[in-house]
Amino acid sequence: MKTITTTEELAAFCDRAKGQPYVTVDTEFLRERSYYSKLCLVQLALPGKDDADAVLVDPLVDGLALDPMIELMRDESIVKVFHAARQDIEIFWIDHQVIPTPLFDTQVAAMVCGFGEQVGYETLVRKIAKASLDKSSRFTDWSRRPLTDAQKTYALADVTHLRQIYEFLDRKLEQTGRRRWVQEELAILMNPDTYVTHPEEAWMKIKTRSNSPRFLGIVRALATFREAYAQRLNIPRSRVFKDDALVELASTKPTNMGELGRSRLLLREARKGDIADGILAAIQDGLNCPKEDLPEPDTSRDKLQVNPALADLLRVLLKAKTESSGVASKLIAPAADLDAIAAGERDVPALTGWRREVFGEDALRLCDGQIALSAKGNMVQVIEL
């Protein structure tokens, strides 16, 4: 198996890729000890079965410039094929400000083609490529050198079988006319904003029991400090302080080092120095925030007047549509969408794009009393009224 360690070798491989319809791509990285992922290996494969058509690229080698590969990612004449692409694309965007274009994600395509929800690569290898994977190297330290033969074999398999999987799913999409559905789903992955966390928005992901605006204002200030600090030092946010400690701090509101030291959940490193100073400053920011600038809790869901009978009927309709289309139910409409529709909401994803074709139109007709549902054997049928 070929491991590329020089810019010249990488440029030669990328030159060979020109004119090819696609290239399969995967990465190995570490994130346990940093905020941003550390790229440790890139796997690339071109159509075909020749050994030279699949390579490993070692970005940790001194002097290796990834520029030829980045240009390959920008080449719009070659489809870039990933499986579960989000983390891989995040690395390309954060490190090199490039979104591989055009993009194909076999996990998304597989959900559209009837392989279930969040289908794993190993499952597709078994069902489509009729092969098996040795996963023993999956959680190894990809930053250590030299890589073992087992690591290299495992890594290369992530792009070699991907060729057959892509070609199968691509044909399936063409046969079913669902290629546009996949493109709609990939729009989120293609948006650079998907991979950027703004510190001032980090508080929205914190689970809290209180909806007090003042409490939420302190949570916002603490989360903003933590996110900015973690980004600046490139360390995991949990190394600054964890979510449970953040919520505790927002509740107890320490205003000096003595009070901060009594926190039950705060790590020792956070009780002094820059982190401690940042915590106390953030709490003061939250306490001093003008009332009109405090965050408002999202109570929109609480106000929904869900018709439970209608919500149950929508679930039955969704199950029928899932079975007839072969598309994963959660991809069509999660439970929150069904409750929103049953409450009269119409600005929900399940009623837009391809989802409207598969489910949304009949969901609206069901709500309006234009259709009914009937059981026939193991099948659910739609009846016009």
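## Pockets, a cavity and cores

About 30 Å³ of space lies in the largest cavity of this predicted model.

User: Happy to dig in! What makes this space a cavity and not a pocket?

Analyst: A cavity is a set of points where a 1.4 Å probe fits but cannot get out, whereas a pocket is an open set. The space lined by Tyr36, Ser37, Glu90, Ile91, Ile94 and Asp95 is listed as the largest cavity, so by that definition the probe is shut in there. A search of the whole structure finds one cavity of 30 Å³ or more.

User: How do you know which classes the lining of that cavity has?

Analyst: Tyr and Ile count as nonpolar, Asp and Glu as charged, and Ser falls among the others, as polar. Applied to the lining of the largest cavity, this gives three nonpolar, one polar and two charged residues.

User: What lines the largest pocket, and which element gives the most?

Analyst: Its lining has 25 residues, and Thr27, Glu28, Gln87, Arg138 and Tyr154 lie nearest the centre. Strand S2 (22-30) gives the most, with six residues. Helix H3 (86-96), helix H5 (121-129) and helix H6 (149-176) each supply at least two. The volume is about 690 Å³, and by class the lining has 10 nonpolar, six polar and nine charged residues.

User: And what is the volume of the second largest pocket?

Analyst: That one holds about 490 Å³. Among its 21 lining residues, Tyr35, Val196, Thr197, Lys205 and Arg237 lie nearest the centre. Here H3 gives the most, with four residues.

User: Why is Leu44 called a member of the largest nonpolar core?

Analyst: Membership calls for a buried residue of a listed nonpolar type, joined to others through side-chain atoms within 4.5 Å. Leu44 is in that core of 82 residues, and is one of those that touch the most other members, along with Val57, Met69, Leu169, Leu314 and Phe359. Beyond its neighbours within four places in sequence, Leu44 is in contact with residues including Phe13, Val23, Val57, Met69 and Val159. A second, separate core of 30 residues includes Ala223, Val240, Phe241 and Leu246.

User: How do you know that the span of helix H12 is close to what is expected?

Analyst: The expected span is 1.5 Å times one less than the number of residues. Helix H12 (residues 273-288) has 16 residues, for which 22 Å is expected, and it reaches 23 Å from first C-alpha to last.

User: Which residues of H12 are called buried, and why?

Analyst: Ile275, Ala276, Gly278, Ile279, Leu280, Ala282, Ile283 and Gly286 are buried, so each has under 20% relative accessible area. They pack against helix H8 (213-233), helix H9 (237-240), helix H10 (243-252) and helix H11 (257-260).

Key:
Residues numbered from 1 in each chain as written. Predicted model: local features only at pLDDT ≥ 70, side-chain atom pairs only at ≥ 80, totals over all residues. Heavy atoms only, no water. Buried < 20%, exposed > 50% of the residue type's maximum accessible area, 1.4 Å probe, protein only. Contact = heavy atoms within 4.5 Å. 1 Å grid on protein atoms, 1.4 Å probe; cavity = no way out; pocket = protein on both sides within 12 Å on 5 of 7 lines; lining within 4 Å. Points joined across faces, edges and corners; volume = space filled by probe spheres on them.
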